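Visitor: Could you take me closely through one part of this model, the aromatic pairing and the helix packing beside it, with the cut-offs stated as you go?

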Amino acid sequence: MAELGEILGPKLTDDQSNTIIDTALETVRRHLGMEIAYLSEFVDGQSVFRAVSAPGLEGMIKPGDSRPLDEVYCQHIIAGRLPQVIPDTAAEPLAMALPITLNTPIGSHVSIPIRKADGSVYGMFCCLSPRPNPSLNARDLAVMQLFADLSEKQVNRAMRDQGEARVKRDRVETIIADEAFNMVFQPIFDLATSQPTGFETLCRFTDKHHPSPDKWFTEAAELGLGVDLELLVIRAALRGLNSLPVSVYLSINASPKTVSSGALPALFAPYQADRIVLELTEHAIVASYDDLQSELFRLRAMGVLLAIDDAGAGYSGLQHIVRLQPDIIKLDMSLTSNIDSDKVKRSLAIALVSFATQTGAIIVAEGIETTAERDTVREIGISRGQGYLLGRPASLDAALGLLASFAGELKSA
């Protein structure tokens with residue numbers, strides 16, 4: 001099991017390493033005037049110290065240390081053979097008979113069981129001193145109980161969060177191991193000729209736990225599995241490229257972290273790179289533009305085109321556009337929606353068209369769902385579009401069927 005510091009939180013402030021339990025131990029230790037306070041967990045017959053407050057005594061006790069349960073007070077206190085408050089261990093023959101009393105030594109001791117949500121014992125919340133403390137009484141135990149209860153809540157919250165994280169990890173790892181997803185292809189049209197020029201590949205997961213694919217990728221990223229999942233999906237998407245006519249490109253989504261991993265050039269190498277468009281989502285956070293740009297330079301040198309996805313949906317998209325100078329700018333569907341009747345959206349789209357014209361980029365309008373939207377984006381100078389009006393995401397076979405209707409105008413692979 002992970003050490004307490006790895007599983008318990010939240011932190012009291014951003015710049016503090018102490019957890020709520022650390023603070024509880026420190027406070028109750030000072031209140032009782034004792035040298036050592038700790039929270040332990042029972043693991044395989046051992047009492048393992050998960051959190052410790054013992055300033056100056058770190059050589060004697062620290063997080064991660066352990067003692068055999070049959071050598072310490074814990075089980076005897078839980079069974080009622082020893083009291084929770086021991087002002088003087090010399091007055092308790094059983095305590096004096098235990099090796100830890102002499103080896104530590106322990107003169108006074110206060111301890112409260114910490115229980116899991118199911119009622120079983122997790123471990124103990126304890127204070128001890130090498131000296132007897134005849135002032136210890138029931139009131140002190142009541143005060144300590146308050147802090148023990150606070151710590152118990154934190155322990156159970158952390159265990160619950162750990163359990164949920166394990167379920168999430170198992171779920172995502174199963175999807176990766178089984179490749180439990182399908183690729184669908186949504187056409188991208190030349191609005192002037194009404195012909196499909198490319199397809200965006202989209203992932204559809206067979207497990208319906210999450211209502212949208214984005215939720216799966218977000219969960220995988222939170223678990224540190226985001227790059228693994230994305231690379232697996234990209235590999236599956238690329239398999240469709242060779243089935244498409246040579247005049248049709250394939251647009252593939254990737255997060256900045258996946259691009260920065262350096263794994264994409266090897267994945268793209270077996271394919272005609274100038275038929276691959278790499279879409280970088282506008283919502284993704286870029287940890288290092290230097291690393292990202294370095295990898296994008298390698299990919300673009302191979303012939304891969306760069307698209308910025310969801311442009312206009314937020315500030316980060318403008319940052320991507322300015323810093324990365326994409327070949328394609330994809331207008332977010334939130335701008336396309338009702339653009340025919342919304343002057344503000346139309347004005348912003350016109351500004352992006354002007355920018356694209358000056359930088360040599362192509363604009364693709366996403367989310368076209370009405371003929372009025374299609375006509376408006378075409379009128380303001382947007383050359384390409386995609387959306388339900390033009391074509392819904394479909395299987396590769398369906399995509400090939402769509403292309404068959406334009407067979408006379410497309411070269412076959």
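Guide: What follows goes from the aromatic pairs to a helix contact that shares some of their residues.

This is a predicted model, in which local features need pLDDT of at least 70 and side-chain atom pairs count only at pLDDT 80 or more, while totals for chains, interfaces and linings use all residues. Residues are numbered from 1 along each chain as its sequence is written, and side-chain values use heavy atoms, with hydrogens and water left out.

The structure holds 4 aromatic pairs, where rings of Phe, Tyr and Trp (its six-membered ring) pair if their centres lie within 6.5 Å, and planes under 30 degrees apart count as stacked, over 60 as edge-to-face and the rest as tilted. One of them is formed by Phe205 and Phe217, an edge-to-face pair with 5.5 Å from centre to centre and 65 degrees between the planes. Because Phe205 belongs to strand E8 (residues 195-205) and Phe217 to helix H7 (residues 213-222), this pair ties together parts that are 12 residues apart in sequence; helices (H or I, at least four residues) and strands (E, at least two) are DSSP runs, numbered from the N terminus. Phe205 has 5% relative accessibility and therefore counts as buried, whereas Phe217, at 22% relative accessibility, counts as partly exposed, given that buried means under 20% relative accessible area, exposed over 50%, and partly exposed in between (1.4 Å probe, protein chains only). Both rings belong to one aromatic cluster, formed by Phe181, Phe205, Trp216 and Phe217.

Turning to the helix packing, H7 lies against helix H8 (residues 226-238) at an angle of about 135 degrees, with their axes 7 Å apart, where axes are lines fitted to C-alpha atoms, for helices over the stretch in contact, and angles run from 0 to 180 degrees between N-to-C directions. That angle makes H7 oblique to H8, since angles under 35 degrees count as roughly parallel, over 145 as roughly antiparallel, 65 to 115 as roughly perpendicular and the rest as oblique. On the H7 side the contact (heavy atoms within 4.5 Å) is made by Trp216, Phe217, Ala220 and Ala221, and on the H8 side by Gly226, Leu229, Glu230 and Val233. These residues divide into 6 nonpolar, 1 polar and 1 charged, with Ala, Val, Leu, Ile, Met, Phe, Trp, Tyr, Cys and Pro counted as nonpolar, Asp, Glu, Lys and Arg as charged, and the others, Gly among them, as polar. Trp216 and Phe217 thus appear both in the aromatic cluster and in the contact of H7 with H8.
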